[in-house]
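Here is a friendly note to help you find your way around this entry. Please keep the sequence and the model open beside you while you read.

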Amino acid sequence: MKPAQDKFTSHIQGLYDGHEVAPPEGMKDSVFNQLDSEVSGSSGLTSKAILVAAVVVVGFAWFFMPEKEAVAEPKTADEQVVVSEQAEAQEIQREKAKAEKAAAAIASAIEAGQVDEIDEAVVVKEAVVEVVTAKTESVEVEENIVLSEEGATPPVSTVQKDIEEQKTIEKVGEKKEAVEWVLPAKLKVDE
Amino acid sequence: MSVDPEVLDLIEKCKEGNRRAQFDLYGRFSGLLFAVALRYTNTKIDAEDVVQNAWVKIFKNLNSFSENNSFEGWMRRIVVNTAISLYRKDKKHANQADITEVLATPRDLEASKECDFTREELENAISRMPEGYGMVFKLYVIDGYKHKEISKMLDIEVNTSKSQLSRAKKFLQGVLNSMEQVAKPNK
């Protein structure tokens, strides 16, 4: 089989040995245009891939950055608010208690005529008024102010501690003026 | 098998993207490859498509060519494979495997026909063949592929390739004989 096949095959292969057919004109341009387009297409894909990767990286960075800030900011702000509100409330409560004590002491002092004790109580009370009005305008503060106004009589009597009791009582009618004048003087003393 | 140093130089320049070298390489082998493409396609337009795609593959894959092999054979194979891809796309050519009838052998052809036919006569005879036969015949006889290679290229069994070749030769025998009988009265 081999020899027969070889003869037949070799004859046919001889027919095609070096056989060439000229390609049509324009084939060359078509080949190199396609080559250029495929090469530029692949490089374009590479640049697109790089661009997409960059966008993804930036996207991730952008996605994670605000999340951290968003978590951190409200927490600290809330804590600060809570802490400040709590501290303020506690301070107000303390001052309110002091003011009540002072008011009671003033009232009893007025009744008993103990000027020295009244003087100390008034100092505390005035301090209360200043702290509360500076920090907040809440209802509780207004109550304090009321308390202080009620107890504003003692400053009058403090100023006139060397005067007789009767005159002190008469000065109560002028307490607003006396308070306006006394408070700054007292503040300076406290500082 | 060594490659012509001049061709090797062209190949190296083509790898670097040298357009002039690419033109030179194209000019040197375009006729050969177009002839191969024409052999494995039915029309000139198909051959042009095949050879154009094959050239692009050649230029893009020059780095995979080993200098120990035949450069011409490497390019031929690319053209043939491209043509076979086109052939496979045509579903009409898909299933022509039939190994039940193996009647003719190369010896039959040898006994009945002297090898005095021309290439044109052979091509005329091949063009009348069923495409399945013709493809195996061209791959095996003209381009020298083995049945194992053909079976992989065409995705068929080795025995199917052998069967197709036998039937192709028998068919060719009949066609060439009839052509000879037609030609004799004129002579």
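The numbered points below go through chain B, from its overall make-up to single residues.

1. Before we start, please note that this is a predicted model, in which local features need pLDDT of at least 70, side-chain atom pairs count only at pLDDT 80 or more, and totals for chains, interfaces and linings use all residues. Residues are numbered from 1 along each chain as its sequence is written, chains are lettered from A and ligands numbered from 1 in the order in which they are written, and side-chain values use heavy atoms, leaving out hydrogens and water.

2. Chain B has 9 helices and 0 strands; helices (H or I, at least four residues) and strands (E, at least two) are DSSP runs, numbered from the N terminus. Its pattern along the sequence is therefore written α-α-α-α-α-α-α-α-α. Of its 187 residues, 48% count as buried, where buried means under 20% relative accessible area, exposed over 50% and partly exposed in between, with a 1.4 Å probe and protein chains only. Among contacts (heavy atoms within 4.5 Å) with a separation of 6 or more, 70% join residues 24 or more positions apart.

3. Have a look at the start of the chain, where α1 (residues 5–15) and α2 (residues 19–39) of chain B pack at an angle of about 135 degrees, their axes 8 Å apart. The axes are lines fitted to C-alpha atoms, for helices over the stretch in contact, and angles run from 0 to 180 degrees between N-to-C directions. This makes α1(B) oblique to α2(B), since angles under 35 degrees count as roughly parallel, over 145 as roughly antiparallel, 65 to 115 as roughly perpendicular and the rest as oblique.

4. Which residues of the two helices make the contact? On the α1(B) side they are B:E6, B:V7, B:L10, B:K13 and B:C14, and on the α2(B) side B:A21, B:Q22, B:D24, B:L25, B:R28 and B:F29. By type, 6 are nonpolar, 1 is polar and 4 are charged; Ala, Val, Leu, Ile, Met, Phe, Trp, Tyr, Cys and Pro count as nonpolar, Asp, Glu, Lys and Arg as charged, and the others, Gly among them, as polar.

5. Next comes the loop between α2 and α3 (44–60) of chain B, home to B:T43. B:T43 is partly exposed, at a relative accessible area of 37%. A polar atom of its side chain lies 3.0 Å from the backbone nitrogen of B:D46.

6. B:L86 sits in helix α4 (residues 71–89) of chain B and is partly exposed at 31% relative accessibility. Not counting residues up to four places away in sequence, B:L86 touches B:T41, B:D46 and B:V50.

7. Is helix α7 (residues 131–142) of chain B enclosed or open? With 11 of its 12 residues buried, α7 of chain B is largely enclosed by the rest of the structure. Just after α7(B), B:G144 takes a positive phi of about 75 degrees.

8. Finally, B:S151 belongs to helix α8 (residues 147–154) of chain B and is buried, at 9% relative accessibility. Its side chain reaches the backbone oxygen of B:K148 at 2.6 Å. In the loop between α8 and α9 (158–183) of chain B lies B:D155, which is exposed at 64%. B:D155 has a positive phi of about 60 degrees although it is not a glycine.

Note on methods. A polar contact is a pair of N or O atoms within 3.5 Å; within protein, one must be able to donate a hydrogen and the other to accept it, and residues adjacent in sequence count only if both atoms are side-chain atoms.
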